[in-house]
Each structure stands twice: as structure tokens, then as C-alpha cells.
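Work through the following exercises with the sequence and the 3D view open beside you. Each task is followed by a solution that proceeds step by step.

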Amino acid sequence: MNFSVRKFDAVIVGAGGAGMRASLQLAEAGFKVAVLSKVFPTRSHTVAAQGGIGAALGNMGEDNWLWHMYDTIKGSDYLGDQDAIEFLCRKAPEGVYELEHYGMPFDRNEDGTVYQRPFGGHSQNFGERPVQRSCCAADRTGHAMLHTLYQRNVRAHTHFLVEWMALDLVRGPGGEVLGVTALEMETGEVSLFQARATLFATGGAGRIYAASTNAYINTGDGLGMAARAGIPLEDMEFWQFHPTGVAGAGVLITEGVRGEGGYLLNERGERFMERYAPTMKDLASRDVVSRAMATEIKEGRGAGKDKDYILLKLDHLGEDVIEKRLPGIREIARKFANVDPVKEPIPVVPTCHYQMGGIPTNYHGEVVAPRDGKPEVVVEGFYAAGECACASVHGANRLGTNSLTDLLVFGKASGERMVQYLRANLGHRELPGDASELTRSRLARLESQTSGESVYEVGGEMRRVMQAHAGVFRFPDMLVEGVRRIREVSERAKHTGIKDKSKTFNTARIEALELDNLIEVARSTMVSAEARKETRGAHDRADFHQRDDVNWLKHSLWYQDGDRMEYKPVHLKPLTAASFEPKVRTY
């Protein structure tokens, strides 16, 4: 297999919000940038984001970036890095105003300012009362953002390579990153994309779970590539289960429904969140609401024939409000739940939604990994942003709306840092002789194993194991058994085969390559979850009911080699503000 070599100043893998915000920074600075995407850019998973962008604009009442910072740190259950969180919250308004100037069609107030809705966990004055902070475009905010960024990138002459799947990192003799190998999905041809700077913006990996709000493209490609290249994955035990996925379908119902005044009911018609979070109620942090819902169902107060879901009521808002602020939700409820929310409640259950962990980075988007006894050393030429990265601003539980804020702020920050690096480091470095050897061996394995394990069956078993052993509640014996079983599945994945050897568009080959990435994510999640002996944020252990700041206020690092675990400190010192010391987390 002889791979052609294509040279660019920068290569970005992923054309969602983070990837296109970074590519815009590079293209407008005059660099030759290639963006590889498995789907057309405006179909990237950012398009599914509904609720809004968290930013303390203060358009709907008094607000402050410091209050946003406090809410984010509290939401993270104090595992978030406070320097990165301050950077996020300070830069958030700037990111919204830039989008506004690019032409994004935000909802407006009568005075022309951007409309903002309440969202779970966002408060005024350090938790006193809810605040309206989510900047939205009805319930299609991600859709509006993607189209805005794509059009701006077209204007800047960004080079998009659509339906290309990145396969492996290319590293130099000193560990520096020199680009990626990638497969053109239509033809099956593989090329080596040589770059002076490489950014991963590949999104999440929610397809490791059987019930997920994630699209089928969310297969953890960036995480798998990083893990195979010897880079650790950070805080992979923390997965957010969104409180309101449509029961039986998993399709997301935005928190914006509750922000607009909707609320949850059990089968008795009780607003049960008043018992679990008396101040914030239905707008408590997502992990709190998800656990409350799971508890109601577990204790027999779920709705429906099998008492296995909760009711989300919004008919009291009236048809006009629903059509103006939540038109997409009405459409989803009709299509996937067969109910009209103007007349009856939507059946919902907690559903896997977002990974808090990922490729370790600093707040400039530079990938950092332990080396030579130092906990964080920059991997030269390598950057990550968005859901695949761990800055870490989300810690043990992401605050609603901060996903889109993350894309904007760290997409731009990584783009700016790449521009600086490219201006200081001219010319491409020489590729090593074995630059594409890992990719060659992986493809050769697939070609040789025509009668191996079924990708479909191995992937299905992986999702069943993850759903049963690492869900909303986690039990010690189930975690130990989960580690054993996911290692078995991992071994089976090494022997998957494809019967169709056609090199042109071949879904079996692509799904097998995606499974390689999903397995790395699943193993890192299960091993990290079994190792963390505490309850914190989205990680709720039945044998350790309390958060343990003495022993576990630290980030986990999982290495593919031997499922090895290491740990590093949380950055408790912000950039300019006073530190927020860990305290009991109540809503």
C-alpha cells in the first residue's frame, strides 16, 4: 500500500463547532488549512445542540462572568481546572458577539439584544436564584451556529475534505505530531496528510452506550487515535446522562424546555424535584436531575405501563410559546414519542449525552501529557478542542450550555495558538520511514480476516456491557465485572473481519475502523470508573456515597498500554480571581 502525501500548514479533523471556529482563525490568518470530516460540515453533531450558548451578557437581568465561573466550578463538582474555567467564562460573551457579527440569527428581545433563557445550574450571585444566561436561536442553536461558521469558512477559503475519515496520528522521533493518515470513504484510498500543526475536533463517543443522544458518527475517533499513539485519556469515568431523552428513542429534549417553564412529574403527578433540589428544582445540575429521575423510577414512581419513564410537562406554556421558543421539540415529540406537547406530557428518561473527559489539553488547546517526571508537557504540533478534549472545564459534570461555549472559546483559542506556532516554526519536518506503518497494519488485518468476528455483534456487546455496568448508578461488583467483560470484548474486536473486500464505499470497513476507536473509549471509561473510589458529579458509586477531596481531588489519566492509570492535580488556582474552595454541592 503506497499512500500519497498531501501537505498543508494545518490539518483539522472534525468540522463541528470547534473545528470550524479554529479553521476560521487559521484561514483568515492566511494559512493553508484542510478540514477532514466524515460528513458534510453542517451535518456535524453540533447541529443537534438545542438549548443555547452560556454567556454572562446580562441582557435579561444582572449577570457576571464570575457568577458563571462559580456555577461552572460547582457544576463540575470541583474537579474542573479553575484557570481554564475562568478563561472560558471571561471569553464567552466575546464568542457570542463574534457569532452575532458573523450573522447568526439569535432570538431577540424587543430592544434588539440577544434573548437569553434560564438553564439548569445557572444562577445569580453564587447560587441565590436562577438567571437567564443561555443565548439561543429557538431550540436550534447548534444548527444556526454550524451554518454561520460554515459560511464564514467558505468566505475565508477553508479547504474542506468531506467524507474523509482520519485513521491514525503521525508522530516524529521526538514525539511531535506531523499529521494524520486518512481514508477517503467513497474510494477507499488512503493518504497521509502532512501538517505543521494538527487539531483534533472529533466530538464525543456516546455510541459506546446502548441508549445515547449521540449520532452514529460519534465514535470517539480522536480519542482512539490519541490512545493508539501513546497519549493518555483524561477523566474518562465521567459521562453525563442528560435527564430528558425521549423514552425508547434516546433523542434529546433540550433543557431549554425546563428553562422556558416546563417541569418533571412522576406517575402520581408530583413535581418530585422539589424534594431533591428545593432551590433550583427542575433546573438543578444535570447529574442531580438524572439521579432523581432514576431514583423515582427505581422506587416504583415511574410513569407508563412498565413504570419506566418520567413525564415532562409543558402544555401549560401554551401553543404560542411552544411554537416560538420550542418548535423543534414539538416536532421531535410528535415523531419520536407520538405525543403533541401542546396537549400532553413527553415521556423521558436519563440518556447518555456527553463525555466530560477526553484528550488532555491546557486552555490554549495544546495537548499536554506527562513526560520526564513532569505532569504536563506540551505535545509539539498537536491540539484538541471541543468534546474530544479535556481542558478541563467540565470536571465531573458539565453545566448545560457550556458545550457550545466550549466549542467557541477553545476552538478560537486553539486556532490562535496554532497561528502563533506556525509563524514561529516554518517548513514541514521530515516524515519518519514508518510514518504510516500503524495504519498499514490495521488495514491489512481487516483485509486478512474475512471470516472473523462480526463488527455488528462485537459492537452490540460493547454497548450492552457499558449500559449495564457504567450507567447512572455504579456498583462495585458490576464495575469489576464490567472491566473483565470489556477486556474480553476488546480482544474480540482485534479479530473482526469484513467479507466485502471492495475498496470503494464500504460501510463494513468504516464501521470496523470506528469500532477500533470505540473500544479504546469503552475500556478507558470502565477501567477509570472502577479505579475511582468515590462519588463525584456524574460518577455515582453505591459503595462510596460521598465525594472524597482528600484522596480523589485529582484527574485520572488512562493509558492504552496495559490499562495503566496515573493521576495529576486539579488546577485550583484561577488566572486572576480568587480560588473557589470545594464545598458541599446543593441546589
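**Exercise 1.** In this predicted model, find which residues of α13 meet which residues of α14, and work out how the two helices are oriented to each other.

*Solution.* Begin with the contact itself: on the α13 side you should find Glu457, Val458, Glu461, Met462, Val465, Met466, Ala468 and His469, and these meet Met478, Leu479, Glu481, Gly482, Arg485, Ile486, Val489, Arg492 and Ala493 in α14. Next, sort the residues of this contact by class, which gives 10 nonpolar, 2 polar and 5 charged residues. Then consider the axes: those of helix α13 (residues 455-469) and helix α14 (residues 476-493) come within 10 Å and cross at roughly 170°. Because angles over 145 degrees count as roughly antiparallel, α13 is roughly antiparallel to α14.

**Exercise 2.** Describe the largest nonpolar core, and state which helix gives the largest share of it.

*Solution.* The largest nonpolar core has 70 residues, and those with the most contacts inside it are Val11, Phe193, Phe200, Trp239, Ile359, Met462 and Met466. Helix α15 (residues 507-531) supplies the largest share of this core, namely 11 residues. Apart from this core lies another one, of 60 residues, which includes Ala22, Val96, Met104 and Ala201. Now follow Met466 in detail: leaving aside residues up to four places away in sequence, Met466 touches Ile208, Tyr209, Gly471, Ile486, Ala522, Thr525 and Met526.

**Exercise 3.** Determine the order of the strands in the open sheet that contains β3, β4 and β5, and say what lies across these strands.

*Solution.* The sheet is built from 3 strands in the order β3-β5-β4, with antiparallel pairing. The edge strands, each of which pairs on one side only, are β3 (53-54) and β4 (116-124). Between β4 and strand β5 (residues 129-135) there are 5 bridges, and one detail to locate is Pro118, whose bridge partner in β5 is Gln132. Finally, helix α2 (residues 65-75) lies across β3, β4 and β5 and runs at about 65° to β4.

**Exercise 4.** Is His122 buried or exposed, and which residues does His122 touch?

*Solution.* First place His122 in the chain, where it belongs to strand β4. Its relative accessible area is 1%, and since buried means under 20%, His122 is buried. Without counting residues up to four places away in sequence, His122 touches His68, Asp71, Arg129, Pro130, Val131, Arg133, Met280, Leu399, Gly400, Thr401 and Asn402.

How values were computed
Residues numbered from 1 in each chain as written. Predicted model: local features only at pLDDT ≥ 70, side-chain atom pairs only at ≥ 80, totals over all residues. Heavy atoms only, no water. Core = buried A, V, L, I, M, F, W, Y, C linked by side-chain atoms within 4.5 Å. Buried < 20%, exposed > 50% of the residue type's maximum accessible area, 1.4 Å probe, protein only. Helix = DSSP H or I, 4+ residues; strand = E, 2+ residues; numbered from the N terminus. Contact = heavy atoms within 4.5 Å. Axes fitted to C-alpha atoms, helices over the stretch in contact; angles between N-to-C directions. Parallel < 35°, antiparallel > 145°, perpendicular 65-115°, else oblique. Nonpolar A, V, L, I, M, F, W, Y, C, P; charged D, E, K, R; others polar. Pairing = 2+ DSSP bridges.
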